[in-house]
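Let's take a walk through a protein chain together, one stop at a time. Keep the sequence and the 3D view open while you read.

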Amino acid sequence: MSRTKISIVGAGAVGATTAHWIAAKQLGDIVLLDVIEGVPQGKALDLWEAGPVEDFDATILGTNDYADTANSDVVVVAAGVPRKPGMSREDLLETNKSIVQDVVMQVVQRSSDAFLLIVTNPLDTMAYLAKHVSGFPKNRVVGQAGILDSTRFRAFVAADLGVSVEDIQALVLGGHGDQMVPLTGYCAVSGIPIAHLLAKSRIEAIVERTRKGGGEVVALLKTGSAYYAPGAAVAQMVEAIVKDKRRVLPCSAYLEGEYGLEDLYFGVPVKLGAGGVEEIIEVPLGPDERGQVERSANAVRESISALGL
Ligand SMILES: NC(=O)c1ccc[n+]([C@@H]2O[C@H](COP(=O)([O-])OP(=O)(O)OC[C@H]3O[C@@H](n4cnc5c(N)ncnc54)[C@H](O)[C@@H]3O)[C@@H](O)[C@H]2O)c1
């Protein structure tokens, strides 16, 4: 039986942290690739040397050569520049467009059956670009955003209530920008809707903090953007695919009429398993949420049209 092979392109903050979570979860052998010589090799060696302490047997290879990514089962694309304070994710489009284009072309030549998991921002637009460049079917190209946005929402709710994060469920829809749509009606504490437990003003404050969650970290770091929570979110998606868990997770998926939206990548709940995006789950939305989804979708459409494809 062949071992699962997971390649991560971009050995920066997010790529390396994703490798760390994937190794800790023992999801497969890892290839970490970057354009900078020495960095993926050094980080891979360092992570591999943690194996005996943390009990993981994975092979972890650092490289600058795409040949080493051949026949990957999953390829995570985390190459590209992150935000600096004051920047929006859209400000990264021009630079990251050429990087993602190049990375996807290199990867698909060598791993034509892989699942592409896109992380580079602006997220929904880069996922759209990756699907376009790869020519892969929509179930095999998926973007990470909603798990991160939802875990932030969950963390804030748990902290406010002073209860375990384990008991909080939350769902954030929409594009991975400040117009994302945290669905408060679908946020619950062990099934108890948060409206029963938190005042409206507190819920509104949490929604606002969730929307700006990425920016809050950027403003503190000053030299880059978040990576621990993003890396954990990516690893959860990889796990769902390689273990065929059929998790129901918010991911950026290609829509063809779902939620009344056509031809764009957008954050929606999906069933993620061995077939990749196996199903898009549509949930009923209130008129206000519907309006928010429309605004978020318009922002994503504008960004996608700036690709000039
Ligand atoms: N989707 C999300 O939820 C999410 C969360 C955090 C960050 N991000 C995005 O992920 C990307 C990476 O963020 P980071 O913090 O790791 O940045 P980083 O600067 O730490 O790392 C990026 C890495 O990409 C490499 N790179 C650049 N061009 C490349 C190419 N052509 N081929 C291979 N590697 C290349 C760089 O050398 C660098 O090591 C950014 O675009 C960031 O905005 C997305």
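## A threonine tucked inside

Let's begin with threonine 18, which is buried: its relative accessible area is 0%, and the cut-off for calling a residue buried is under 20%. Bear in mind as you look around that this is a predicted model. Where does threonine 18 sit? You'll find it in helix α1, which covers residues 13-24.

Which residues does threonine 18 touch, once you set aside its neighbours within four places in sequence? The answer is Ile8, Gly231 and Val234. Try clicking on these in the viewer and see how they sit around threonine 18.

## Zooming out to the whole chain

Now step back. The chain has 10 helices and 14 strands. Its C-alpha atoms fill a box of roughly 55 × 45 × 40 Å, taken along the principal axes. For 309 residues, you'd expect a compact globule to have a radius of gyration near 19 Å, and the chain has 19 Å, so the two agree.

How much of the chain is buried? Buried residues make up 51% of the 309 residues. As for contacts in the chain with a separation of 6 or more, 67% come from residues 24 or more positions apart. On the outside, the chain exposes about 13,600 Å², and carbon and sulfur atoms supply 52% of that area. There are 28 positive and 38 negative charges, and the mean positions of the two groups are 3 Å apart.

## Strand β13 and its two partners

Next, look for strand β13, residues 262-273. It's mostly covered, with 9 of its 12 residues buried. On one hand, β13 pairs with strand β12 (residues 247-256) in the antiparallel sense, over 10 bridges. In this pairing, glutamate 256 stands opposite glutamate 262 of β13. The hairpin of β12 and β13 has 5 residues between the strands, and glycine 257 takes a positive phi there, near 105 degrees.

On the other hand, β13 pairs with strand β14 (residues 276-280), also in the antiparallel sense, over 4 bridges. What separates these two strands in their hairpin? There are 2 residues between β13 and β14. Glycine 273 stands opposite glycine 276 in β14, and leucine 272 stands opposite valine 277 in β14. While you're following the strands, here's a handy general idea: in a regular strand, the side chains alternate between the two faces of the sheet.

## A little sheet of three strands

Elsewhere, 3 strands form an open sheet in the order β7-β10-β11, with antiparallel pairing. Why do β7 (168-169) and β11 (192-193) each have a side without a neighbour in the sheet? They stand at the edges, each with a single partner strand, so one side of each is left without a neighbour there.

You can trace the pairing of β7 with strand β10 (residues 188-189) yourself: 2 bridges join them, and they run antiparallel. One of the matches to look for is isoleucine 168, whose bridge partner in β10 is valine 189.

## Some backbone oddities

Let's finish with a few spots in the loops. The peptide bond from asparagine 121 to proline 122 is cis, with omega near -5 degrees. Proline 122 has its place in the loop between β5 (115-118) and α5 (123-134).

Then there's aspartate 55, which has a positive phi of about 65 degrees although it isn't a glycine. It lies in the loop between α3 (51-54) and β3 (60-63). Is aspartate 55 buried or exposed? At 55% relative accessibility, it counts as exposed, because the cut-off for that label is over 50%.

Asparagine 71 isn't a glycine either, and it has a positive phi of about 60 degrees. Look for it in the loop between β3 and β4 (74-77). Asparagine 71 is exposed, with a relative accessible area of 62%.

Key: Residues are numbered from 1 along each chain as its sequence is written. This is a predicted model: local features need pLDDT of at least 70, side-chain atom pairs count only at pLDDT 80 or more; totals for chains, interfaces and linings use all residues. Side-chain values use heavy atoms; hydrogens and water are left out. The radius of gyration is taken over C-alpha atoms; the globule rule is 2.2 Å times the number of residues to the power 0.38. Buried means under 20% relative accessible area, exposed over 50%, partly exposed in between (1.4 Å probe, protein chains only). Contact means heavy atoms within 4.5 Å. Accessible areas come from the Shrake-Rupley method with a 1.4 Å probe; for residues, only the protein chains shown count as cover. Lys and Arg count as positive and Asp and Glu as negative; His and the chain ends are not counted. The place of a charge is taken as NZ of Lys, CZ of Arg, CG of Asp or CD of Glu. Two strands pair if DSSP finds at least two bridges between them.
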